[in-house]
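Work through the exercises below with the sequence and the coordinates open. Each task is followed by a stepwise solution.

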Protein chains: 2
Amino acid sequence: MAGEPLKFLCFVLAAGGKMSPKITTELLKQLRQVMKSPKYVQEPVQAYIVPSGDAHQSEYIAPCDCRRAFISGFDGSAGTAIVTEQHAAMWTDGRYFLQAANQMDNNWTLMKMGLKDTPTQEDWLVSVLPEGSKVGVDPFIIPADQWKRMSKVLRSAGHDLVPIKENLIDTIWTDCPQRPCKPLITLDLSYTGVSWRDKIVALRSKMAERKVLWFVVTALDEVAWLFNLRGSDVEYNPVFFAYAVIGMNTIRLFIDGDRMTDPAVREHLQLDSTLEPEFKIQVMPYGSILTELQAVGASLSPKEKVWLSDKASYALTEAIPKAYQYLTPYTPICIAKAVKNTSETEGMRRAHVKDAVALCELFNWLEKEVPKGTVTEIIAADKAEEFRSQQKDFVELSFATISSTGPNGAIIHYKPVPETNRTLSVNEIYLLDSGAQYKDGTTDVTRTMHFGTPSAYEKECFTYVLKGHIAVSAAIFPNGTKGHLLDSFARSALWDCGLDYLHGTGHGVGSFLNVHEGPCGISYKTFADEPLEAGMIVSDEPGYYEDGSFGIRIENVVLVIPAETKYNFKNRGSLTFEPLTLVPIQTKMIDVSLLTQKELNWVNDYHQKCREVIGAELERQGRLEALQWLIRETEPLIRVQ
Amino acid sequence: MAGEPLKFLCFVLAAGGKMSPKITTELLKQLRQVMKSPKYVQEPVQAYIVPSGDAHQSEYIAPCDCRRAFISGFDGSAGTAIVTEQHAAMWTDGRYFLQAANQMDNNWTLMKMGLKDTPTQEDWLVSVLPEGSKVGVDPFIIPADQWKRMSKVLRSAGHDLVPIKENLIDTIWTDCPQRPCKPLITLDLSYTGVSWRDKIVALRSKMAERKVLWFVVTALDEVAWLFNLRGSDVEYNPVFFAYAVIGMNTIRLFIDGDRMTDPAVREHLQLDSTLEPEFKIQVMPYGSILTELQAVGASLSPKEKVWLSDKASYALTEAIPKAYQYLTPYTPICIAKAVKNTSETEGMRRAHVKDAVALCELFNWLEKEVPKGTVTEIIAADKAEEFRSQQKDFVELSFATISSTGPNGAIIHYKPVPETNRTLSVNEIYLLDSGAQYKDGTTDVTRTMHFGTPSAYEKECFTYVLKGHIAVSAAIFPNGTKGHLLDSFARSALWDCGLDYLHGTGHGVGSFLNVHEGPCGISYKTFADEPLEAGMIVSDEPGYYEDGSFGIRIENVVLVIPAETKYNFKNRGSLTFEPLTLVPIQTKMIDVSLLTQKELNWVNDYHQKCREVIGAELERQGRLEALQWLIRETEPLIRVQ
């Protein structure tokens, strides 16, 4: 799925489609009332900020957390609303200018981020607020680093950023959905490779190294990973609402509902066993995290530190007095989680084999059905899900399928909806970016196909993208190299012809966890990524998009592995990538004359491996027609002299 | 000259050589006395920091500013000394571990930066200081951003960082050299392309854009560039000690000596003309900058801002109350200076032609003399300077010549001194990294030569370096690309074989100014570089170094130019590089079988251009033997099938 995390993707993402705006006059009136109501605010606030996002800084959020979409109508994945007594303004980026303009009524001013004349939220607030104003925000939603930045600017202009405990949107959102609280899945050692006890031991040793006494787990995937549990509170990400606070001798898990009454979970967490006290998990209500953390904060002696992500909410960060805070951009869990152990990589391999089987079935089916003119983008996406769901240990999709044909393919984060749904044809390029959660792994793959005869120009562009894909996939680089240093390899062939794509090249992929995870990736936009090391898993997905006409992307999930090299400078060792995704790359789309011999060999070797590994599984599953398709699609390329 | 600026190179750089340590017992005793003396400090300080560097954050510093070398004996280009009542410690990086250990006596503890167990200066101070200590530093030497970081850590541990007005080293440095105050050179429009008046107008328009009223010029090359003046107060960098403060209606130049009595300078600056008041330059004493700036600071009304580099000294930054400071990493002068106009690029071209003539003479001479066994590294360096000095408008070298043979070539910042001086032979690789200041431009070129028969392995390594050099030089990339995104192109061929080099690939080059200048460059180490644009000039200098045996580097200075491409995505336009350096790359060192056809063509085209352009100039200058050498060295490469 295309390089950029879809930060805070909301439940409906209908990019590019026509839609009527939400009428917000009454809602804004109500919000402005509660902004002054002593029932909710100590002093009236002259502005209220409604960020995207939940209390865990999740990328995908639950319906109950889509507050910005509720108040404005704009439900794109990124956007911040600010409502003052006079104004209502929405900041979003170039992907969503059109959608936001369509979804919002005249009460709203669209602030187009990235354009030169668009003010920052802080500057705009300073320009519209009366002297000495108070700006309110939910301290559980705003990350500490963002609070710090914003509060500094406001203070220097004579205003105050103030935390409003009760979320003001929730006070007017009468039919707000319940926070989900679904049953948990326990993962045994055959999936995780490491028990939660051993993960706690490793975490405590990292804490001891940094001389911190407490670690606060705020990201949902970090809680899930640490305890070898999964959930389904949020779509696509197999996580559940919870926090954890790990001390050197205590483990506190903050989680709601009757999920802890499930015998399998109790057994898994050894809640009823006689355990050494330092492994005894204290289960506490989700909502009690703040008071518990405040108690921890109050109990600290000088030089005792509490470790939090610098993206943790302002509320939790402030619970610890400043002198005791130890904030880092990446937590030790985030870093440990990124390096997959053998059980996890083997699981990821199995998941990718199953996923490839499903896609061979799908493409074989599309090849037959598309010429009939009956297959729409939505039908194709549903069919992909159907084939995936037939595979063992399938749980759900790992993100909303991007099924796009012709001009829709140029909308990078497109998801088909009835208003935009297009019929696949033999005259257009079809781009499918899709993936699934299996109990043994997470997949994410993009293939670009033509079911008729592609034009020379389409083949040319496809081949540049392929050259970029291979340049990353076959790259050899020293241990310790950061992924962003590989990003230009993916673009070089496009750049040579004056082409490019405006998204990153790759993101970390979780192991039956979030399809986008830190701290590594391949993107020119970051610098603070952690160095790549063997066992990390990222996507490799360059593309090319021509507005109004087509989109091309070739994406594999790849595993970082040690590379054998002729020499070994400073004994550092080298790394390279091994594709986990094993789905044919349509040779019909390749202009062989543009490939070097090395690139041609790469394609042929890759297809040979697809044929062997996926062919065997197709045969085992008795999917003989798809097997025939696979064999046809993996015929070696030959250079025409 | 190798990618990394030699931050604060001191007057003697004798890397790798044996030398006896400086005895510092008495000096340290004296320093510890003045650290307690009410004559110099309001309250005793328990630690005193002696950074590298001068009050302008210059890379090359004058002898009078080499205070850290004076107190410790260690005169490498980077290092910070801290002296407490009990300890004396020196922080330096891996390039200087050996040299620092050799040059310092037992009073000093070497703190090896970059090693895991080495504490930061702040952490070390916290660990050794008694409670509630005061740490002194010269506020004119420490940059504001560094003060901020250090002071925060010390304060949180209960100590205080305090500014000591009088530099304590100066109080005990009885034979401290005078601050240089040499005559100025005026540059007319034929060199600069833009008058200083027009530069002031452009600067004021940038100031108006950002709504700042004052701009403080603190970097020496920025003062020189702004006023189209050059000096020779510091070796290699044609600058002079001065500050400037530019208001919307005033220009203040802080400069000492009788330099302003020179009629040419008075004429150039129109000091005696009747000018519009906003272009009237007020000349003030160098030492009065602080009080003048404090007066500016005191005169400001709310919302009035003063623009400074965030690298300006703490003393000058603090002269402006915090609310009025506008700090940026790159100043508008730094950015404007980087984009050369036609007069400047034409000057740079001329300078590089002259420089190439000198090098053709040198290499022709070396080819004859080296086999006799009489040419040492120092003799070769001197000969290079002799040939350069014969060229028109030669001013001085642009940095200390790196003339190194065999194992010395692996010391990246080597400069030959008698103790290390090695004789060139037909059995070793010779690396020459050298450059000059001409009145029309600055050069910096590295060639690696073998005067006998290179081994297959030496050729292999050289060819990988060459492939990297070409990959950058021939790269096509979109307008707005930052240089650090090109760094990996230079390494790819080395990485494929497990090799690498531990320095950046390129740095900005001034126009008859500093050989290292911001804000652009090509290095994996930076992220905050400004995007490349047409007219910028950088070096392209990958290398490979094998400790104890040889060093290889191939360096050209290249100009960023627009590139013609087949397509033009989003109308952004593309850029590429044009080599300004036109000196043959020794074909004897190339393993042609490792080159692609494209790379081979690049070498042949480059040599063709060298032959045409430099050949014509050699002929014009009647240097016919060197011309014959050039013709031999630029014979086209042929692929042996």
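**Exercise 1.** Which residue in β17(A) does A:T405 stand opposite?

*Solution.* The model is predicted: local features need pLDDT of at least 70, side-chain atom pairs count only at pLDDT 80 or more, and totals for chains, interfaces and linings use all residues. Residues are numbered from 1 along each chain as its sequence is written, chains are lettered from A in the order in which they are written, and side-chain values use heavy atoms, with hydrogens and water left out.

Step 1. Find the strands; helices (H or I, at least four residues) and strands (E, at least two) are DSSP runs, numbered from the N terminus. β16 of chain A covers 402–405, and β17 of chain A covers residues 429–434.

Step 2. Check the pairing, for which DSSP must find at least two bridges between two strands. Here 4 bridges join β16(A) to β17(A), and the strands run antiparallel.

Step 3. Read off the partner: A:T405 stands opposite A:Y430.

**Exercise 2.** Place this pair in its sheet and find the helix that lies across the sheet strands.

*Solution.* Step 1. The open sheet has 3 strands in the order β16-β17-β20 (chain A), with antiparallel pairing. Its edge strands are β16 and β20 (445–450) of chain A, each pairing on one side only.

Step 2. Neighbouring strands of this sheet are turned by 10° against each other on average, direction ignored. Axes are lines fitted to C-alpha atoms, for helices over the stretch in contact (heavy atoms within 4.5 Å), and angles run from 0 to 180 degrees between N-to-C directions.

Step 3. Helix α15 (residues 377–389) of chain A lies across β16, β17 and β20 of chain A, at about 140° to β16(A).

**Exercise 3.** Which residues does B:L366 touch, not counting residues up to four places away in sequence?

*Solution.* Step 1. A nonpolar core is a set of buried Ala, Val, Leu, Ile, Met, Phe, Trp, Tyr and Cys residues joined through side-chain atoms within 4.5 Å; buried means under 20% relative accessible area (1.4 Å probe, protein chains only).

Step 2. In the largest such core, of 160 residues, A:L366, A:F577, B:L366 and B:F577 touch the most other members.

Step 3. With that sequence filter, B:L366 touches B:P371, B:V375, B:A380, B:L424, B:Y430 and B:F451.

**Exercise 4.** How are the two chains related?

*Solution.* Step 1. Superpose by least squares on the C-alpha atoms of residues with pLDDT of at least 70 in both copies. Chain B can be laid on chain A with an RMSD of 0.1 Å, by a turn of 180° and a shift of 0.0 Å along the axis.

Step 2. The copies are therefore related as by a two-fold rotation axis.

Notes:
Buried < 20%, exposed > 50% of the residue type's maximum accessible area, 1.4 Å probe, protein only.
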